[in-house]
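I opened this model to look up how its strands are paired and how its helices are packed. These are my notes, in the order in which I looked.

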Amino acid sequence: MTEFDAQVPLDDSNTFGLPGRARSYWRVDDVDTLVAAAADGRLRAPRLVLGGGSNIVLRGDVDALVLHVALKGRALVEEAADDVRVAAAGGENWHDFVRWTLDMGWPGLENLSLIPGTVGAAPVQNIGAYGLELCERFDHLDAVDLDTGAKVRFDASACAFGYRDSVFKRAAAGRYLITRVVFRLPRVWQPVQGYADVRRWLDEHGVGAPTAHQLSDAIIAIRRAKLPDPAVIGNAGSFFKNPVVSAEQAGALLAVHPEAPHYPQADGRIKLAAGWLIDQCGWKGRALGPVACHDRQALVLVNRGGATGADVERIAERIAQDVKTRFSVDLEPEPLFI
């Protein structure tokens, strides 16, 4: 019989450090037990699947069953001529898994180094950084249907990946708990080093042809220089998605601000830098109550102490309104408001 704990504090289970309690709580560390509990109806909604808590904003108490994913394990699945398939359980720390693959001699995930969170949460967000998205290295994932207890496999098509998006944030939200993710890593590895910050760091350190470890080290150093450590000050990393706008809208903005960072997309649209837009509106380093824009990266909101979800929501709305007023660009938060 699975026993759920009641009124469990979640302050330490979200990287923003926001207060809230779970009406009921279960630490999920065994797939068979999870399947049995779902099959006999003990996991009926409302429920919340929680990983590392790095991509949520708690509005307060969670009137639901919180399933905290603690499944562990890493493994080589298959070695083929062109690629290597490796797997990790949903509760594994993402960054630790990336470094493990590099230590084992399987490059391909190095650009995603130091992204906070768990392996199981990574496909939900389709995490990405420095020219690489998770979907580019994804093979499939295994999940449990929390309504029925059925084990389900999702390939890339079924995941419906988009920019910081997947089916798990839309039609399948809350229905599945991801138990394992399998990645396909190339035998013939080529470094993804097109971002200016990455190339600059490598040049400054005299690295002309980086190994995967060196590229990972560069990205770790860059992220640490720009982004605050959640263990030191509460935050959820990059708070807003970089907006993707039409070529016409981007052209109008660039006619006035030719210096604005912008990145052409395959579909003809243009991705803008949310951090730059926010900075131009004077928000970098500025606070509204106990929440502030980080003084080194306007894209990050930080909890200066004692903040609630309402405080985070208030400053996020003000920032988005200022960007909309000045640039006619809509900003969308990356974290989920719970």
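I began with V49 and looked up its bridge partner in strand 5, which is L67. The model is a predicted one, and I read every value below with that in mind. I then looked up the pairing of the strands concerned, and noted that strand 3 and strand 5 are joined by 4 bridges and pair in the parallel sense.

On the bridges to strand 2, I noted that L67 of strand 5 is also the bridge partner of W26, while R27 has H68 of strand 5 as its bridge partner. Strand 2, residues 21-28, and strand 5, residues 62-69, run parallel and are joined by 6 bridges.

I next asked in what order the strands of this open sheet are arranged. The order is 1-2-5-3, with 4 strands in an open sheet whose pairing is mixed. The edges are strand 1 (5-9) and strand 3 (47-50), each of which pairs on one side only. For the twist I noted an average of 45 degrees from one strand to the next. Strand 5 I entered as mostly covered, since 7 of its 8 residues are buried.

I turned to the helices, and to helix 2 before the others. Helix 2 spans residues 94-103 and is mostly covered, with 7 of its 10 residues buried. I listed the buried residues as W94, H95, F97, V98, W100, T101 and L102. What covers these buried residues of helix 2? I found that the cover includes strand 6 (74-79), strand 7 (83-89), helix 3 (122-125), strand 12 (176-186) and helix 6.

Helix 6 deserved its own entry. I noted an angle of about 155 degrees for the packing of helix 2 and helix 6, with their axes 10 Å apart. Angles over 145 degrees count as roughly antiparallel, and helix 2 and helix 6 are therefore roughly antiparallel to each other. The crossing in which helix 2 passes helix 6 is left-handed. On the side of helix 2 the contact is made by H95, R99, L102 and D103, and on the side of helix 6 by A212, H213, S216, D217 and I220. I sorted the residues of this contact of helix 2 with helix 6 into 3 nonpolar, 3 polar and 3 charged.

I then looked up the packing of helix 6 (residues 212-226) with helix 5 (residues 196-204), and noted an angle of about 110 degrees, with the axes 10 Å apart. Angles of 65 to 115 degrees count as roughly perpendicular, so helix 5 and helix 6 are roughly perpendicular to each other. The crossing of helix 5 and helix 6 is right-handed. From helix 5, the residues D197, V198, W201 and L202 meet Q214, L215, D217, A218, I219, A221, I222 and K226 of helix 6. The residues of this contact of helix 5 with helix 6 divide into 8 nonpolar, 1 polar and 3 charged.

My last entry concerns A225, which lies in helix 6. Is A225 buried or partly exposed? Its relative accessible area is 49%, so A225 is partly exposed. I also looked up the separation of A225 from E79, and noted that the two are 146 residues apart in sequence and, from C-alpha to C-alpha, 36 Å apart in space.

Terms used
Residues numbered from 1 in each chain as written. Predicted model: local features only at pLDDT ≥ 70, side-chain atom pairs only at ≥ 80, totals over all residues. Heavy atoms only, no water. Pairing = 2+ DSSP bridges. Helix = DSSP H or I, 4+ residues; strand = E, 2+ residues; numbered from the N terminus. Axes fitted to C-alpha atoms, helices over the stretch in contact; angles between N-to-C directions. Parallel < 35°, antiparallel > 145°, perpendicular 65-115°, else oblique. Left-handed = near helix turned anticlockwise from the far one by under 90°. Contact = heavy atoms within 4.5 Å. Nonpolar A, V, L, I, M, F, W, Y, C, P; charged D, E, K, R; others polar. Buried < 20%, exposed > 50% of the residue type's maximum accessible area, 1.4 Å probe, protein only.
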